[in-house]
Amino acid sequence: MEPRIDLMTNEIGVKFAKRFANAALVIDQSSLPKATQELVSLRASQINGCGWCIDMHTKDAAAAGETAVRLNLVAAWRESTVFTEAERAALALTEEGTRLADAHHGVSDETWAQARKHYDDDQIAALVALVALINAANRLAVILHQQGGSYEPGMFASVSS
């Protein structure tokens, strides 16, 4: 399956990609732990079946020192002992925020309360923005048929400039 269009060779696509990257940079520079950012991005991407984003976030997390055990267990985080309570709260919020159609009430009050126990206002704002942003990225990549396998860590470091 070939990608349908390369946004980086299209005027509108390039403008959008730069703004999208700038939004991601706000989250990246927040106080939300980097490991949590990658775990959240990986879990949403798994749910959405986005091979490109799974490839990217697995490789970026590994390059930043994340262990193979934790990366391999993200899909089964509820049945794993390797995640902190804060990470578990973020993963629960990610799942409920990603599966909106499956949970007609969106993020439950219980899940929200668990996340708020572990994250301050800036971190929760970054977490909510990240869930929204990764879901948008997943949709772009899936619609355009971007496949996983060719990503190299740091590949898009210059896109936001």
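This tour proceeds through a predicted model, one selection at a time.

**Helix H7**

Begin by selecting residues 121–143, which form helix H7. This helix has 23 residues and reaches 33 Å from its first C-alpha to its last, close to the 33 Å expected at 1.5 Å a residue. At the N-terminal end, display the side chain of Asp120, which caps H7: one of its oxygens lies 3.1 Å from the backbone nitrogen of Asp122. Beyond the helix, select His145, which follows H7 and has a positive phi, near 60°.

Next, colour the buried residues of H7, including Gln123, Ile124, Leu127, Leu130, Val131, Asn135, Asn138 and Ala141. Their cover includes helix H1 (11–28), helix H2 (34–48), helix H3 (51–63), H5 and helix H6 (109–118).

**The nonpolar cores**

Now show Leu32, Val40, Trp52, Cys53, Tyr119 and Leu127, the residues with the most contacts inside the largest nonpolar core, which has 23 residues. H1, H2, H3, H5 and H7 each give two or more residues to this core. Its largest share, nine residues, comes from H7. In soluble globular proteins, nonpolar side chains tend to be buried together.

Centre the view on Val40. Leaving aside residues up to four places away in sequence, Val40 touches Ala90, Leu91, Thr94, Leu127, Leu130 and Val131. Apart from the largest core lies another, of nine residues; select Ala61, Leu71, Phe83 and Ala92, which are among them.

**Helix H2**

Select H2 as a whole. This helix has 15 residues, and its span from first C-alpha to last is 21 Å, close to the 21 Å expected at 1.5 Å a residue. The buried residues of H2 include polar and charged side chains to display, among them Gln37, Glu38 and Arg43, as well as Leu39, Val40 and Leu42. The buried residues pack against H1, H3, helix H4 (68–73), H5 and H7. After H2 comes Gly49, with a positive phi near 65°.

**Glu87 and its partners**

Move to Glu87, in helix H5 (residues 85–98). Is Glu87 buried or exposed? Glu87 counts as buried because its relative accessibility is 9%, under the 20% cut-off. Show its surroundings: beyond residues up to four places away in sequence, Glu87 touches Ala35, Thr36, Leu39, Arg70, Val82 and Tyr119.

With which of these residues does the side chain of Glu87 meet in a salt bridge? The partner is Arg70, at 2.7 Å from N to O. The pair links distant parts of the chain, with Arg70 in helix H4 and Glu87 in helix H5, 17 residues apart. Arg70, like Glu87, is buried. Display also the backbone nitrogen of Thr84, which lies 2.9 Å from a polar atom of the Glu87 side chain.

**Further salt bridges**

The whole structure contains eight salt bridges. Select Arg99 and Glu95, whose closest N and O atoms are 3.8 Å apart in one of them. Arg99 is partly exposed, at 31% relative accessible area, whereas Glu95 is buried, at 6%. Add Arg43 and Arg78 to the selection: salt bridges that share partners join Arg43, Arg78, Glu95 and Arg99 into one network.

Finish in helix H1 with Lys15 and Glu11, a salt bridge whose closest N and O atoms are 3.4 Å apart. These two residues are separated by about one helical turn, because they are four residues apart in helix H1. Lys15 is partly exposed, with a relative accessible area of 42%, and Glu11 is exposed, at 58%.

Methods:
Residues numbered from 1 in each chain as written. Predicted model: local features only at pLDDT ≥ 70, side-chain atom pairs only at ≥ 80, totals over all residues. Heavy atoms only, no water. Buried < 20%, exposed > 50% of the residue type's maximum accessible area, 1.4 Å probe, protein only. Polar contact = N/O pair within 3.5 Å; in protein donor to acceptor, adjacent residues only side chain to side chain. Contact = heavy atoms within 4.5 Å. Expected span 1.5 Å × (residues − 1). Core = buried A, V, L, I, M, F, W, Y, C linked by side-chain atoms within 4.5 Å. Salt bridge = Lys/Arg side-chain N within 4 Å of Asp/Glu carboxyl O.
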